[in-house]
Structures are given as C-alpha cells and as structure tokens.
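Me: I would like to go through this structure step by step. Could we begin with the charged side chains and move on from there?

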Amino acid sequence: MTRDRRFRTDGGEDAGQVDFPTGADPDGRSRWLEDVLIIGETTLVVYGLFIVLGFAAGLDFNGIVSTLQQVTLLAASFALVVLALNLHWGYTGLFNIGVAGFMAVGAYAMALTTAAPDATFPGLGLPLWIGIPAGIVAAALVGFVAALPALRLHADYFAIVTLAFAEVIRLLYNSSAFREFELFGTEFGTGGGQGMSFPNLRNTISRQLLYVDGDPEAGPTLVGRAFLAIGDALELSTSVVEGWAYTAVLVALVVVVFVLISWIGHSPFGRVLKAIREDELAARSLGKNTDRVKIKAFMVGCAIMGLAGIVWQGRRGYIDPNLFLPIITFYIFIALIIGGSGSNTGSVVGALLFAGLLFEGPPFVQRIVDTTFDLPRTTTVYEGVIALGDLDPMPLLGYAVAELPNLRFVLFGVVLIALMIYRPDGMLGHRNEPASPIDLTKERPPNGRGSSSGKEGESNE
C-alpha cells in the first residue's frame, strides 16, 4: 500500500497531519470502496436470509420490510458499541468489560435531563437536543473517573475493575436510594428497579425528521417527502416508515463514528494508541505520556458507548437497570471477535453477523416453525430422549425448537470455538492496523542495494 505523505512525530512540518492510505487492493479498488463492498455484501447476506425466512413464515411485504428494519436497527446499535470497544481493545489494548455500565450512564443521564418535571420519576424536562449531548458528556466524564485508578492496572486486572465499575453503576441505578432524590433543590428519580420513562426517542426523532415541527398534521419535511413517497409506493404502514427513519439516523451515526475512529487511527494520536497496544514500555521510552493518551482514548470510547446506550436502549421511552446487565458487554465482545479486533470494517461486519444471524435469527426461526408445524412439546429434554429411544424424534425436536432462544447461547459458544480454530483473528482481523505509519513489508532499499547486502550477509554467515 502506497501513501502520499509520511507521518512525522519529531515536530517537522508534517507533524499532526493525518495520513490516510491512498493505495488500492490487488483488484484495483481503493481501501474505502473495498470496505463499503464488504459491508454491503454482508448486509445482503443477512437481508437475503431474513427475506427467505419471512416468506417461509408467510409474512407479507410490509412484515418483511418491518423485520429488516428491526434487524438493521439492532445491527446499527451493536455497530456503534463495537466500534467504541474496538477503539479501546483493538487500537489501544484496553480490556474494557464494563461496556454496559457506560451505556447505562449515557441513557440515564439523557433520561434524567429530558423526563418531565411532573412525571412519576421526574427530570429536568429539557429537549432531546440537550439531553443527548448531556448523556454523551456524562459517559465521557464517568469514563475519566473510572480511568484514573484503573489505568494503573494492566490486562486482566484492568478488566476486573471495569466490570466491577459497571456493576456498581447498575446497582446504583437499581438502588432505592436513587428511586427519588433531590439535588440542588430539584426533584429527580431513576425509578430504581421499576425504571423510568422519558420522551420516546424513536417517535420524537423520526417525526421531527419526517414532519414539520414533528406534527404529522403539519405536513412532511423535505426529507419526509422522500421517505413517505417511498412508503406509499411500497404500500408500507406509517409505523414502518417511521421506524426506518429512526433506523436511518442510527446508520448515519454509525458512518460518522466509523469515519471518526478511522481518522483517529490514522492520526499521530492513533499511532501512539497502536504503539501502546504493541508495547507500552517502548512507547513510554520514546517520551510518550501513555497514561494521558489512554485516558483520552478511554473517554472517547465511553462517550460513544453512552451515545449507543441512548439510541439503543432508550428508543422505547423507558429504561430500567436490567437493560444493562453484564451480558450486554459479552454480546459486544462476541461481535467484535467475529469481525476481528483492530478492524473498523470488521467491527461493523461482526455487528451485522451477530445481530442478524446469532441474536435475532434463532427466535425468528422459532416463530416460523411454530406457525408452520405442530410439533409435540416436552417439558424436559429427558422426555424427548426417552421418546427418541422409541424411534420418535419429534418430541425432542419440539423441545429444541421451543428452547431456540436459549440454545442460541450454545450457538455463541460453538461460533467462538470455530473462530478460535479456523479464524482466530476474526473475519477481518488480518486487516489489523499496525503502529507503523508505512507498510514496512513493501519498503525496498533504493538502487537495489537490498539484494546485494542480503547476499553479503549470507556470505558473512
């Protein structure tokens, strides 16, 4: 891969400039076009599977489009968090397994900012355009607080601290002490285990995008005309069109975050991150303040996680602490491992495959089988095995179908084992970006001196 200019970290005229690769792959495509094609091909595979399953389930066109919208929404939500985790783990080597906690901070900060003052569990009643940035900033600040003591630790110890910190956050929101409380003379409430309500994020954003002043009676906006025209042409329901409008916003956020993290990765700051990942002691010996760099990277990643918590778990206009259990973090890690740590494109591909094939796929297959076949059900697997001894496999099959949503956790394990054996770097882990700003494998000494020196070396040996 060739580059049009080189990095300099010695204070020269190019210091601080961002260098993006300008070369092409062996097929002559630029890197960004290759990334788009990979993500597009993965999307078509996932869409194709759900379209086939939708027809098998007897869904009409509106139902299939609605299913694709839900899968895309979930995949985009996962992609946001996986990209943030890739900044921590793939770029910097920070083993953060407290992702769900930082998502919770963003979502609850937004909820407390936007909830009505006269609600059962009140907030400030501010608009979403204030609440969403407030949630992002709150997640970044909490990340800063968590990073100060945690970054003194390394590897597994850092992971344990972040997991504990995330659980402390969740239990605080679940605590009755914060169910209703007063701060600076203003009443607030998280609802404790009961959860809290706030303005519905999905309806508010989609209607603001589609209608003038968010009012369907006031007529469509310029963007709304395009969405509604497509919906009318395809005979889609209004709820499906609004769902796609909100999903389009999430996809746009994924694009913005993808570009942001790619920009960070190709900047001098990003080179320091990757140097820390490879050998922090070596980076520090070169005069880099690695603690400061890690804190900055951790805060940026936590801010993106807070944004993901807002748009993903806050889309129903209701949140509770059980939406941020530690298992959410492990979902995100599985998606990153599938795509390949260190690759932003792999992060998006892993999110698509995990959300579509592993997370949403098994429950969707269960609904299809339930509506198509009348399988006998057993309460335990033992009864199914006994029936199998009588050469009747149907009870065991019926039990397996009924337990598909739970058996997908077994599928997670099977997929991870297969990846460890056949693709330990993930689907696109081979594209892990090195710390060097140039492709050292393709550098050649001038005037062909490399070959002669090589021969001399061999003769000297």
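Me: Is Glu180 buried, exposed or partly exposed?
Reply: In this predicted model, Glu180 is partly exposed, with a relative accessible area of 47%. Glu180 forms a salt bridge with Arg179, and their closest N and O atoms are 3.7 Å apart.

Me: And how accessible is Arg179?
Reply: Arg179 has a relative accessibility of 33%. Arg179 counts as partly exposed because that value lies between the limits of 20% and 50%.

Me: How many salt bridges does the structure hold?
Reply: The structure holds six salt bridges. One of them joins Arg277 and Glu278, with the closest N and O atoms 2.9 Å apart. Arg277 is buried, at 18% relative accessible area, whereas Glu278 is exposed, at 53%.

Me: Which residue does Arg284 meet in a salt bridge?
Reply: The side chain of Arg284 meets that of Glu280, with an N to O distance of 2.8 Å.

Me: Why are those two about one helical turn apart?
Reply: Arg284 and Glu280 are separated by about one helical turn because they are four residues apart in helix α9, which covers residues 268–285. Salt bridges with shared partners also join Glu280, Arg284 and Lys294 into one network. Within this network, Glu280 is buried at 14% relative accessible area, and Arg284 is partly exposed at 42%.

Me: New topic: what is the phi of Asp213?
Reply: Phi of Asp213 is near 60°, a positive value in a residue other than glycine. In general, most residues other than glycine have a negative phi. Asp213 lies in the loop between α6 (201–210) and α7 (222–234), and is exposed, with a relative accessible area of 65%.

Me: What about Glu235?
Reply: Glu235 also has a positive phi near 60°. Its place is in the loop between α7 and α8 (238–265), and Glu235 counts as exposed at 69% relative accessibility.

Me: How many cavities of 30 Å³ or more does a search find?
Reply: A search of the whole structure finds one, with a volume of about 50 Å³. Its lining has 13 residues, and Ala100, Gly101, Ala166, Glu167 and Phe324 lie nearest the centre.

Me: What kinds of residue line the largest cavity?
Reply: The lining has eight nonpolar, three polar and two charged residues. Helices α3 (99–114), α5 (155–174) and α11 (326–339) each supply at least two residues of the lining.

Me: Finally, how many helices and strands does the chain have?
Reply: The chain has 16 helices and four strands. Of its 461 residues, 46% are buried.

Key. Residues are numbered from 1 along each chain as its sequence is written. This is a predicted model: local features need pLDDT of at least 70, side-chain atom pairs count only at pLDDT 80 or more; totals for chains, interfaces and linings use all residues. Side-chain values use heavy atoms; hydrogens and water are left out. Buried means under 20% relative accessible area, exposed over 50%, partly exposed in between (1.4 Å probe, protein chains only). On a 1 Å grid over the protein atoms alone, a cavity is a set of points where a 1.4 Å probe fits but cannot get out, and a pocket is an open set with protein on both sides within 12 Å along at least five of seven lines; lining residues have an atom within 4 Å of a point. Grid points are joined across faces, edges and corners, and a volume is the space filled by probe spheres set on the points. Ala, Val, Leu, Ile, Met, Phe, Trp, Tyr, Cys and Pro count as nonpolar, Asp, Glu, Lys and Arg as charged, and the others, Gly among them, as polar. A salt bridge is a side-chain nitrogen of Lys or Arg within 4 Å of a carboxyl oxygen of Asp or Glu.
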